[in-house]
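Open the model in your viewer and keep the selection panel handy. We will go from the whole assembly down to a pair of helices, one stop at a time.

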Amino acid sequence: VEENRKKYTLGELAELLDISLQGDCAVMVSGIATLAGARSCELSFYHNSAYISDLKSTKAAAVILSTEAAQDCATNILLTDNPYLAYARASRLFEKSTSSNGQIHPNALIDSSAEIGQHVSIGPNAVIGANVRIGDRSIIGANVVIGNSSCLGEDALVYPNVTFYHDVLVGNNAIIHSGVVIGADGFGFARNDQAQVKIAQLGGVIIGSDVEIGAGTTIDRGALEDTVIGNGVKIDNQVQVAHNVRVGENTVICGCSAIAGSSSIGKNCIIAGGVGIINHITIADDVTVTAMTLVNKSITRKGCYSSGTGLSESSVWKKNIVHFRHLDTLSNRLKAVESLKNKKNTKN
Amino acid sequence: VEENRKKYTLGELAELLDISLQGDCAVMVSGIATLAGARSCELSFYHNSAYISDLKSTKAAAVILSTEAAQDCATNILLTDNPYLAYARASRLFEKSTSSNGQIHPNALIDSSAEIGQHVSIGPNAVIGANVRIGDRSIIGANVVIGNSSCLGEDALVYPNVTFYHDVLVGNNAIIHSGVVIGADGFGFARNDQAQVKIAQLGGVIIGSDVEIGAGTTIDRGALEDTVIGNGVKIDNQVQVAHNVRVGENTVICGCSAIAGSSSIGKNCIIAGGVGIINHITIADDVTVTAMTLVNKSITRKGCYSSGTGLSESSVWKKNIVHFRHLDTLSNRLKAVESLKNKKNTKN
Amino acid sequence: VEENRKKYTLGELAELLDISLQGDCAVMVSGIATLAGARSCELSFYHNSAYISDLKSTKAAAVILSTEAAQDCATNILLTDNPYLAYARASRLFEKSTSSNGQIHPNALIDSSAEIGQHVSIGPNAVIGANVRIGDRSIIGANVVIGNSSCLGEDALVYPNVTFYHDVLVGNNAIIHSGVVIGADGFGFARNDQAQVKIAQLGGVIIGSDVEIGAGTTIDRGALEDTVIGNGVKIDNQVQVAHNVRVGENTVICGCSAIAGSSSIGKNCIIAGGVGIINHITIADDVTVTAMTLVNKSITRKGCYSSGTGLSESSVWKKNIVHFRHLDTLSNRLKAVESLKNKKNTKN
């Protein structure tokens, strides 16, 4: 995994990350690792006091950290207020190149009406439909299918085996992982006497800039209006976004969450993994929802929200769930005891 | 998104939908929109009293509604007992064509033993196995793989990047969205001393007519007998249907639900999103299960069923889940207080 | 579905399964079926007393069972201590061949630097990247994409439409079902003032031998170190395995479960369907977690664990969840009644 990685001196790193170096600027670094795992040619970072003993004993070439930890570090230091952010930026310096080679594979099938930007890369067996537009420097992986009139911005990275239906608009700098399906029909039916009658899904999907979408995630097209994902939204794997959903800017949605039809999530929210949000719900800005919570009503104020019972041994759990089914009765029985007690108190 | 849409006069629409028009039959309509969003060339519909003020102020060319709402409508009216159903049928008049162009792409790979019906369309890089049969007017998208001896009915629409394993039978009018996998092995193992031993999955999958299957959904083949999906069943995105499951006619299964092995769901059920149904469960006809419910026992009577705790602020939730773990104790303590009280009452 | 299946005499079956036959060794068997469904040319098995009446009336050619059930069987017997395990092994004798035909389809695209083993089969439109290695007798399905420097062991079976990113290592005897994505970026961001900053995912994925991975499952690459799946692990459909997760040997993970970043699961665990395991959790060996449980803390001892409320009719459920929100208050009220009672008892 090493061969494609770049090498930097600590001096170069300090300059690239625009942070100050305390130590030997000539030391060569060829990767990043954890404090415990780092070799003498690797950079590490410290941002969580649980790892203080690893910091003291690390063999890393240098550690990204903040002032208060500097005294515990026995190696070179890259000093910053936000070590985790600096680590994020440093990590990008070591990744395998994901920039376009500007080559369109001869086995790609591109409709003659498609507008392909400058220096775009398109992989084998990709199928690009009529009136599609792809922005400069974007990369389309092998076996990707892009439906008619869809549009992808500049510097986008679409991994293999992604499917866009027609009329899907995606902004600049998108990262779309394998298995993603964008623009499939929303799930809408009207019942007649005998059966479910399909409602045609006439809207599209609009995805802003700087959005990342994880493997196997599905985002449905709108019924009448569009499904809308704001700028800077980050969506993890196997998330389901139903028709007409709106997700506000910079919101983060973790793996396996599902957002039902016409619900709206605010800006800067964090939706943890496995969360379910029912349809026609509104969630305010700056809301956090913890893992596997069912959001069955709107959330109007910022804050942190949860549901579920927490973990028990199954033997204990089985005893307790019996009483959950009778909580209302239990509450009434308590009220009866209290009222009797109060009467007695009054009598006394 | 407009260019492919058809245009109709209100007179034509009334005739196509077989409902009565109150207003100007010559007005031209080129799309459908919400009451609030509709322009003067668009049709809208009203079926929910929450939108009464939108009805009064809509700019739509006409509104589909029922008699009791007619007085509040300031534009042309398409009158019907079931406006939502009429909207569903009207929506189909405006969708981009999904009918077959009868063309088999030169890059499709079709086994010589496959039987392809009349006027079938097959996209590039589709791979059609031995002894496959595809019914008349069906559409197979790009990069679809259909395993040996599988069979697809007439007028089916299979979107790109779908995978059928061998011996998967699908009826007429199927709509299968991208990323769907039908016929993968059921999850069956027998444990020996050292490891899990795979049980070969020898059954197939049988899917009825008029079934829609959402993006990323997986339906496993049976272990010995077949996995069976009834006529008219509608399945949303990312649903998991395990081996030997049976789903009754016209049942609706919403996104991210999972049905474990050998369970059986009745007819006309509504399984909301994120529901989990454990294995070897039977669910009666006409059952509704609400979002994210765990169905851990059979449901023998029609009705609506739920589980979970409902949403709280996390700070409140953390306090309460502590007590959930001791509900059995709490119930016993209450009983003790009650019995003491009763003794006193007796003494008194 | 019959044509490819093999036929065996009971004598041959007894020898192949290395178990003893009580009955006619010449009887010919061409398939396996349930006790109730078996025809006179089919084998069946009995391992669950719920099916005792089916055993008495079965028309099967022979039944795999253990000594204590022999007296209730009216047909030929294949006798073993572990009938379910013998059934698993017998089932493999009747499956359609999944061995490699050694053919590389002319439409497969294989980088010149890839090392392809002996008698490997590669399907049409498969795309094999630079420096990929594929072991002897492995099968790569149609439209599979394998990224640079990934490595697949011997006797692997990769179904159509699977995606491996770069630097994914998979051991021998792997079975990878359609729609699987291995090696997509883990979900890691550092927040700055305006937006989420992506953390490059520099680790890989290491998967042991004898691993099966179900349709639509996603396994992300590590952030710095690798995501690691142990030997003999069986993963069902639509499971999400986040970056840096470790799963111990022979653990079974059922459909739609999700394991968040950096969590670690022990050996021989059974994770039922729809389970959510939060990040940075450790689970001991030999742990069972029941369906749809949220594991929100580490599990340090073997045993069976659960969460959730169990199923109710929705009308009852709505009444009870109200009280869940006030369990803490309810508990305090009970304490107050108890303490008053105790004071009175003291007074008395």
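**Stop 1: the chains and their axis**

Start by selecting chain A and chain C: a turn of 120° and a shift of 0.0 Å along the axis lay chain A on chain C with an RMSD of 0.0 Å (superposition is by least squares on the C-alpha atoms of residues with pLDDT of at least 70 in both copies). In chain A, pick Gly308(A), the residue of that chain that comes closest to the rotation axis, at 3.4 Å (C-alpha).

Before going on, a note on what you have open: this is a predicted model, in which local features need pLDDT of at least 70 and side-chain atom pairs count only at pLDDT 80 or more, while totals for chains, interfaces and linings use all residues. Residues are numbered from 1 along each chain as its sequence is written, chains are lettered from A and ligands numbered from 1 in the order in which they are written, and side-chain values use heavy atoms, with hydrogens and water left out.

Now add chain B, which a rotation of 120° with 0.0 Å of shift along its axis superposes on chain A (RMSD 0.1 Å). These two copies are thus related as by a three-fold rotation axis. Within chain B, Gly308(B) comes closest to the rotation axis, at 3.4 Å (C-alpha).

**Stop 2: where chain B meets chain A**

Show the contact (heavy atoms within 4.5 Å): 71 residues of chain B and 76 residues of chain A take part. About 6200 Å² is buried between the two chains, 61% of it from carbon and sulfur atoms; buried area is the accessible area (1.4 Å probe) that two parts lose on being put together, summed over both. On the chain B side, select Met292(B), Leu311(B) and Phe324(B), which lose the most area to chain A, together 12% of what that side buries.

**Stop 3: two helices in chain C**

Next, display α1(C), residues 10-17, and α3(C), residues 83-94, which pack at an angle of about 120° with their axes 10 Å apart. Helices here are DSSP runs (H or I, at least four residues), numbered from the N terminus. The crossing of α1(C) past α3(C) is right-handed. Show side chains for Leu13(C), Leu16(C) and Leu17(C) on α1(C), then for Ala86(C), Arg89(C), Ala90(C), Leu93(C) and Phe94(C) on α3(C): these make the contact.

**Stop 4: the helix pair in chain B**

Finally, in chain B, find Leu13(B), Leu16(B) and Leu17(B) of α1(B), which meet Ala86(B), Arg89(B), Ala90(B) and Leu93(B) of α3(B).

Key:
Axes are lines fitted to C-alpha atoms, for helices over the stretch in contact, and angles run from 0 to 180 degrees between N-to-C directions. A crossing is left-handed if the near helix is turned anticlockwise from the far one by less than a right angle, and right-handed if clockwise.
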